[in-house]
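Visitor: Hi! Could you walk me through how the pieces of this one pack together?
Guide: Happy to, let's bring it up.

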Amino acid sequence: MAESTNERPQGPIATRVQHRIRVPEHVPMAELLGSADEILRSIERGFASVDILVRGNEISLDGPAGDVALLERLIDELGAVAASGTTLTPDVVTRAIGMLTAATASRPADVLTMSVLSSRGRTIRPKTVGQKHYVDAIDQHTVTFGIGPAGTGKTYLAMAKAVQALQAKQVNRIVLTRPAVEAGERLGFLPGTLSDKIDPYLRPLYDALHDMIDPDSIPRLIEAGTIEVAPLAYMRGRTLNDAFIVLDEAQNTSVDQMKMFLTRLGFGSQMVVTGDVTQVDLPGRTTSGLRAVQEILTGVGDVSFCWLTSADVVRHRLVSDIIDAYARWDTTRIAAASSARDSGHGRGRARR
């Protein structure tokens, strides 16, 4: 942000500073403040300790030195976002504040203005630093693993990259697949034909496609083989050339299924594997292929592992809190079980 001046109260006990920012002409003030000052109100809620006064294209700040410095950076980043033509929203403000507070290496403006796919009047873009790193990894590697909890956009962004690659003619087709596994259910118990039984497992992939491609053209693309949506079992024995392949819900693959899938990779193709290792629905003691592959492929070139966290959740803010609460509960439960086993072993030794 261009011009600024500082005025510091005199004396060793001064804790507040006054700071003036002159917004450059290329930054639209109407966008920076928002409709009915909606963006300004969001900034004020994020920095309650700072008094903010706007006159023309000048913003005056008065508050604790650290908060004023952080707020100046926020206004600079939001100005860059607005100047790029990206619409500012309260959610953008909240995410920018989170990135600056976490002192991430990436600039909020770089994250929030990155476009993955423009389709049907809307732009799909990463909303967190973790999501940007994930998208960058897909651009830079042949095989990318996106691992994280629900709501982090790992599947949605992977599919957006697939559609982008198809539109840019980097690949000739898209292959979307999922293992047909659910907790407490088997395909044989579901009503209808085999297609009817499989469809519910693949429905989330179809839903995402409808957000990115004209719904009227999807049946035609599927019929032509340009887009294929199929259960993982249908991948066996195939070599997939010139394709962008997405495996979703990969935590529900066995070790052998994961190996089978990864070895389908053909020339000119790219793979993205997504899943949540805390949501395994495999029966009995079956080892999740997504858990095992992290150890198996560590150090293999052109393979990237991206771990998304609750900080990357882009659903309702409560979803992030719920994920963290479950993580704490799991940690406590595992620690209690370990303590009980150790106590039992100790009693056993004492009896002997």
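Guide: A term to start with: a crossing counts as right-handed if the near helix is turned clockwise from the far one by less than a right angle, and as left-handed if anticlockwise. Keep in mind that this is a predicted model.

Visitor: Good. So which hand does the crossing of α6 and α7 have?
Guide: α6 passes α7 in a right-handed crossing.

Visitor: And at what angle do their axes cross?
Guide: Roughly 40°, and the axes of α6 (residues 129-140) and α7 (residues 154-167) come within 11 Å.

Visitor: Which residues make that contact?
Guide: From α6 you have Gln131, Tyr134, Val135, Ile138 and Asp139, and from α7 Lys154, Leu157, Ala158 and Lys161. Sorted by class, the contact of α6 with α7 has 5 nonpolar, 1 polar and 3 charged residues.

Visitor: Switching helices: how do α3 and α4 pack?
Guide: Their axes are 10 Å apart, and α3 (residues 65-83) meets α4 (residues 90-101) at an angle of about 130°. Angles over 145 degrees would count as roughly antiparallel and 65 to 115 as roughly perpendicular, so α3 is oblique to α4. The crossing of α3 and α4 is right-handed.

Visitor: What classes of residue are in that contact?
Guide: The contact of α3 with α4 has 8 nonpolar, 1 polar and 1 charged residues. On the α3 side are Leu70, Arg73, Leu74 and Leu78. They meet Val92, Val93, Ala96, Ile97, Leu100 and Thr101 in α4.

Visitor: OK, on to the sheet. In what order do the strands run?
Guide: The order is β9-β8-β10-β11-β7-β12, with 6 strands in an open sheet and parallel pairing.

Visitor: Which strands stand at the edges?
Guide: β9 (227-231) and β12 (303-307) do, each with a single partner strand, so one side of each has no neighbour in the sheet. From one strand to the next, the twist averages 15°.

Visitor: How many bridges join β7 to β11?
Guide: There are 5 bridges between β7 (residues 143-147) and β11 (residues 270-275), and the two run parallel. As one example of facing residues, valine 143 stands opposite methionine 271 in β11.

Visitor: Last one: which strands does α6 lie across?
Guide: α6 lies across β7, β10 (243-247), β11 and β12, and it runs at about 150° to β11. Helix α11 (residues 289-296) packs on the sheet too, touching β7, β11 and β12. The direction of α11 makes about 125° with that of β7.

Technical notes. Residues are numbered from 1 along each chain as its sequence is written. This is a predicted model: local features need pLDDT of at least 70, side-chain atom pairs count only at pLDDT 80 or more; totals for chains, interfaces and linings use all residues. Side-chain values use heavy atoms; hydrogens and water are left out. Axes are lines fitted to C-alpha atoms, for helices over the stretch in contact, and angles run from 0 to 180 degrees between N-to-C directions. Helices (H or I, at least four residues) and strands (E, at least two) are DSSP runs, numbered from the N terminus. Angles under 35 degrees count as roughly parallel, over 145 as roughly antiparallel, 65 to 115 as roughly perpendicular and the rest as oblique. Contact means heavy atoms within 4.5 Å. Ala, Val, Leu, Ile, Met, Phe, Trp, Tyr, Cys and Pro count as nonpolar, Asp, Glu, Lys and Arg as charged, and the others, Gly among them, as polar. Two strands pair if DSSP finds at least two bridges between them.
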